[in-house]
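Welcome to a short tour of a protein chain. Have a look at the sequence and the model, and then we will walk through a few places together.

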Amino acid sequence: MTTETITADAAGTWTLGDLTVNRIGFGAMRLTGSAAFHLGTPSDRKRSIAVLHKARELGVNHIDTAAFYFSSLRSANEIINSALSPYPDDLVIAAKVGPFRDYTGEWGTSARPEDLRGHVEENLRQLGRDHLDLVYLRRMRQDSIAEHFGALAELREAGLIRHLGISDVEPRHLAEAQAIAPVVCVQNRFGLDSQNPRTDDILRICGEQGIAFVPFFAIAGKGGSHGAASGHDAEVLAVARAHGATPAQVRLAWTLAQGPHVLAIPGTGNPDHLTENIAAGALRLTDEERDTLDSLHHKAG
């Protein structure tokens with residue numbers, strides 16, 4: 001499919017609270033290296049900055065990041081700050097808090113509720129902002145998120161955060177959070193070859209309530225933090241051939257087809273891959289193709 005003239009608005013828009021974003025955004029995890037965190041080779045900083053400039057040229061106005069997105073040489077937040085500050089008025093930057101990595105890159109103990117202000121302030125410092133448009137509480141296996149989400153709700157009241165989301169949750173956690181403060185989006189692992197009944201329930205509930213659902217690893221699939229695997233199912237390859245598209249574009253198109261409330265945040269450190277990802281917002285699957293891919297998803301473990 002032609003990619004050069006397709007911009008992020010081809011996928012349509014959604015509103016996060018009072019902030020309108022294009023449904024195709026950008027995940028910053030891969031700005032730091034060939035794989036997430038310390039798992040790959042650090043990226044070329046100039047190329048990562050070029051990717052962000054290209055994203056803006058193509059209409060991306062929703063960037064997903066975190067202070068714990070760093071490699072041995074690169075910080076996603078620092079790169080975003082260098083590339084895009086002073087920030088355009090239409091740009092929405094979302095950050096996640098909860099997980100913690102020390103200066104060596106090793107994962108530390110998950111945040112306690114009283115730690116979250118420090119997590120938020122670290123994102124503010126790195127990004128060079130006085131508030132964050134959107135902050136997700138990333139659940140780290142705790143049974144209840146009430147105390148942690150309550151701490152973020154207090155920071156929202158204090159003006160450090162504009163809107164709140166939750167990540168890696170079940171339907172009961174959404175209800176728990178909503179009893180404390182408004183939730184504008186949910187971010188869970190979800191993709192064509194990643195099937196979890198509770199996440200499927202969350203996807204449905206978000207659609208019914210008008211809450212954005214923002215899946216991560218929609219392209220990477222089982223590869224996760226290591227990046228996308230090279231193998232693809234025959235069904236995906238067949239749809240890709242029919243549209244003159246890449247398998248990654250088919251995966252993104254299927255993800256967006258799950259509902260108008262579904263946003264995509266594919267990440268890459270490659271300008272060409274970025275252009276392909278954005279173009280996936282214009283790919284429209286037929287009903288038959290959608291049914292075939294839905295069946296593939298339901299068979300996934």
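A253 sits in helix α8. In this predicted model, is A253 buried or exposed? With a relative accessibility of 4%, A253 falls under the 20% cut-off and therefore counts as buried. Setting aside neighbours up to four places away in sequence, A253 makes contact with A280, L283 and L285. G281 belongs to this part of the picture too: 28 residues separate A253 and G281 in sequence, yet their C-alpha atoms are 6.3 Å apart in space.

Following helix α8, which spans 247-256, comes a loop that leads to α9 (271-279), and H261 is found in that loop. H261 has a relative accessibility of 6% and so counts as buried. Which residues does H261 touch, apart from those up to four places away in sequence? They are W14, L203, C206, G207, I211, A212 and F213.

**The chain as a whole**

Now step back and take in the full chain. Its secondary structure amounts to 10 helices and nine strands. The radius of gyration is 18 Å, close to the 19 Å that the globule rule gives for 301 residues, so the chain is as compact as a globular protein of that length. Taken along the principal axes, the box filled by the C-alpha atoms is roughly 50 × 45 × 35 Å.

How much of the chain is buried? Of the 301 residues, 57% are. Among contacts with a separation of 6 or more, 74% join residues that are 24 or more positions apart. The accessible surface is about 12700 Å², and carbon and sulfur atoms account for 48% of that area. As for charge, there are 29 positive and 37 negative side chains, and the centres of these two sets lie 4 Å apart.

**Inside the cores**

In soluble globular proteins, nonpolar side chains tend to be buried together. Here, the largest nonpolar core holds 82 residues, and the members that touch the most others are I80, L152 and I166. I80 makes a good example to click on: beyond its neighbours up to four places away in sequence, I80 touches A28, L31, L52, I63, T65, S85, Y87, I93 and L127. Apart from the largest core lies another one, made of 14 residues, including L19, A94, Y136 and V214.

L19 also appears among the contacts of D133, a residue in strand β6 (residues 132-138). Besides L19, D133 touches L91, V92, I93, R162 and H163, again leaving out residues up to four places away in sequence. D133 has a relative accessibility of 3%, so D133 counts as buried. Its C-alpha atom is separated by 15 Å from that of L84, which is 49 residues away along the chain.

**Towards the surface**

R198 offers another setting. This residue is found in helix α6, residues 197-209, and its relative accessibility of 48% means that R198 counts as partly exposed. Not counting residues up to four places away in sequence, R198 touches E170 and P171. Between R198 and R172 there is a C-alpha to C-alpha distance of 9.8 Å, with their positions 26 residues apart in sequence.

**Backbone features to look for**

Most residues other than glycine have a negative phi, and most peptide bonds are trans. Where in this chain is the peptide bond cis? One place is the step from S85 to P86, with omega near 0 degrees. P86 lies in the loop between α2 (76-84) and β5 (92-97).

Two residues other than glycine with a positive phi are set side by side here.

| Residue | Phi | Loop | Relative accessible area |
|---|---|---|---|
| R141 | near 70 degrees | between β6 and α4 (146-157) | 69%, exposed |
| D168 | near 60 degrees | between β7 (161-167) and α5 (171-178) | 32%, partly exposed |

R141 is exposed because its relative accessible area of 69% is over 50%. D168, with 32%, falls between the cut-offs of 20% and 50%, so D168 is partly exposed.

Conventions:
Residues numbered from 1 in each chain as written. Predicted model: local features only at pLDDT ≥ 70, side-chain atom pairs only at ≥ 80, totals over all residues. Heavy atoms only, no water. Helix = DSSP H or I, 4+ residues; strand = E, 2+ residues; numbered from the N terminus. Rg over C-alpha atoms; globule rule 2.2 N^0.38 Å. Buried < 20%, exposed > 50% of the residue type's maximum accessible area, 1.4 Å probe, protein only. Contact = heavy atoms within 4.5 Å. Areas by Shrake-Rupley, 256 points an atom, 1.4 Å probe, with all protein chains shown as cover. Lys, Arg positive; Asp, Glu negative; His and termini not counted. Charge placed at Lys NZ, Arg CZ, Asp CG, Glu CD. Core = buried A, V, L, I, M, F, W, Y, C linked by side-chain atoms within 4.5 Å.
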